[in-house]
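Reader: I'm new to this structure and would like a close look at just one part. Could you pick a helix and walk me through it, along with the aromatic rings around there?

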Amino acid sequence: MAATQMQGRGPPKGSIELFSPTYFAACGLGGIIACGPTHTSVTPLDLVKCRRQVDPKIYTSNFSAWRSIFAKEGLRGVFFGWAPTAVGYSFQGAGKYGFYEVFKYYYGEKLFPNANKTVVYLGASASAEFLADIALCPFEAIKVRMQTTLPPYASSLREGWTKVTSKEGIGGLYKGLYPLWGRQIPYTMVKFATFETTVDQIYKTLGKPKESYNSLQQTGVSFLGGYIAGIGCAAISHPADVMVSKLNADRQPGESGGKAMSRIYGNIGFRGLWNGLPVRIAMIGTLTAFQWLIYDSFKVSLGLPTTGGH
């Protein structure tokens with residue numbers, strides 16, 4: 001199931017050897033470019049989503065929220081939390097995409113060459129996200145505290161980092177790691193497996209092999225496949241996303257993770273786990289589509305094949 005170098009109308013062969021250390025490093029760089037800017041660009045949506053997850057009555061709608069925030073704090077308030085978002089999701093993007101390519105190659109080619117491709121996609125994406133979240137977690141913790149507390153817990157990434165570590169140590173930055181894994185690992189498994197499967201199906205439906213289409217057409221397929229995958233990602237990971245927001249905003253000092261989650265669930269119930277889902281579907285669908293578009297466009301610019309459809 002190795003990805004083959006594109007021929008014909010696809011991008012020209014580059015100088016980077018497929019599945020070499022340089023190739024995997026390039027994929028990690030592509031992940032940074034794909035995830036850091038895109039997540040940062042939707043900070044206004046994320047800000048309102050997080051606040052409504054923690055307090056469903058705080059705003060009557062997303063538009064009223066943005067009007068209220070802009071009137072009081074200006075554009076800076078609307079993008080509040082952009083710094084931990086940019087740094088955290090850049091690190092996460094490097095791990096998510098870079099390690100996915102590593103694990104997909106080793107699982108599918110070296111360890112389990114006869115395994116079902118979807119199983120390989122699921123295993124590779126889960127392994128990659130497990131590692132990526134270790135890098136993301138400290139910045140996600142600071143972001144959520146900044147965005148969900150009023151007045152804000154901190155006004156900057158540096159201030160937030162200093163306050164958390166001085167009071168709670170480094171462990172305070174990782175107290176949301178387990179629910180973060182619970183949110184992000186299923187999310188990424190759906191994101192990558194659905195994307196790969198959708199792209200394969202699109203080319204089958206079109207009736208021609210991937211290599212017969214030019215790079216612009218191939219990246220267009222990546223965008224469509226990414227949007228479809230993003231809808232599934234948002235739905236399957238949303239309850240854990242709500243719990244991450246609640247834990248970072250409302251976990252008591254010394255309270256165990258299990259006890260905190262039980263207490264929070266007792267307060268919000270099953271229905272409360274779905275607060276803000278429509279916003280998240282819009283955000284994640286668009287986000288995922290553009291991430292795959294940017295990632296595969298970056299690969300094409302290096303003369304590498306786009307993802308999926310092999």
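Author: Here is a walk along one helix and on to some ring contacts. Keep in mind that this is a predicted model.

Let's take helix H5, which covers residues 117-148. At its start, a side-chain oxygen of asparagine 116 comes to within 2.9 Å of the backbone nitrogen of threonine 118. Most of H5 is covered, with 23 of its 32 residues buried. Now look at its length: a straight helix of 32 residues would span 46 Å, but H5 spans only 40 Å between its end C-alpha atoms. Follow the helix along and you'll find a kink of about 45° at leucine 136, shortly before proline 138.

Next comes phenylalanine 139, a buried residue with a relative accessible area of 11%. What does its ring pair with? The model has 23 aromatic pairs, and in one of them the rings of phenylalanine 139 and tryptophan 161 have their centres 5.6 Å apart. Their planes are at 45°, so the pair counts as tilted. Tryptophan 161 belongs to helix H6 (residues 157-168), so this pair ties together parts that are 22 residues apart in sequence. Unlike buried phenylalanine 139, tryptophan 161 is partly exposed, at 32% relative accessibility.

There's one more ring to visit, that of tyrosine 153. Arginine 145 lies over its face, 5.2 Å from the ring centre. Lysine 163 also has its charged end over the ring of tyrosine 153, at 4.5 Å from the centre.

Note on methods
Residues numbered from 1 in each chain as written. Predicted model: local features only at pLDDT ≥ 70, side-chain atom pairs only at ≥ 80, totals over all residues. Heavy atoms only, no water. Phe/Tyr/Trp six-rings, centres within 6.5 Å; stacked < 30°, edge-to-face > 60°. Helix = DSSP H or I, 4+ residues; strand = E, 2+ residues; numbered from the N terminus. Buried < 20%, exposed > 50% of the residue type's maximum accessible area, 1.4 Å probe, protein only. Lys NZ or Arg CZ within 6 Å of the ring centre and 35° of its normal. Expected span 1.5 Å × (residues − 1). Bend = angle between axes of the 7 residues up to and from the residue. Polar contact = N/O pair within 3.5 Å; in protein donor to acceptor, adjacent residues only side chain to side chain.
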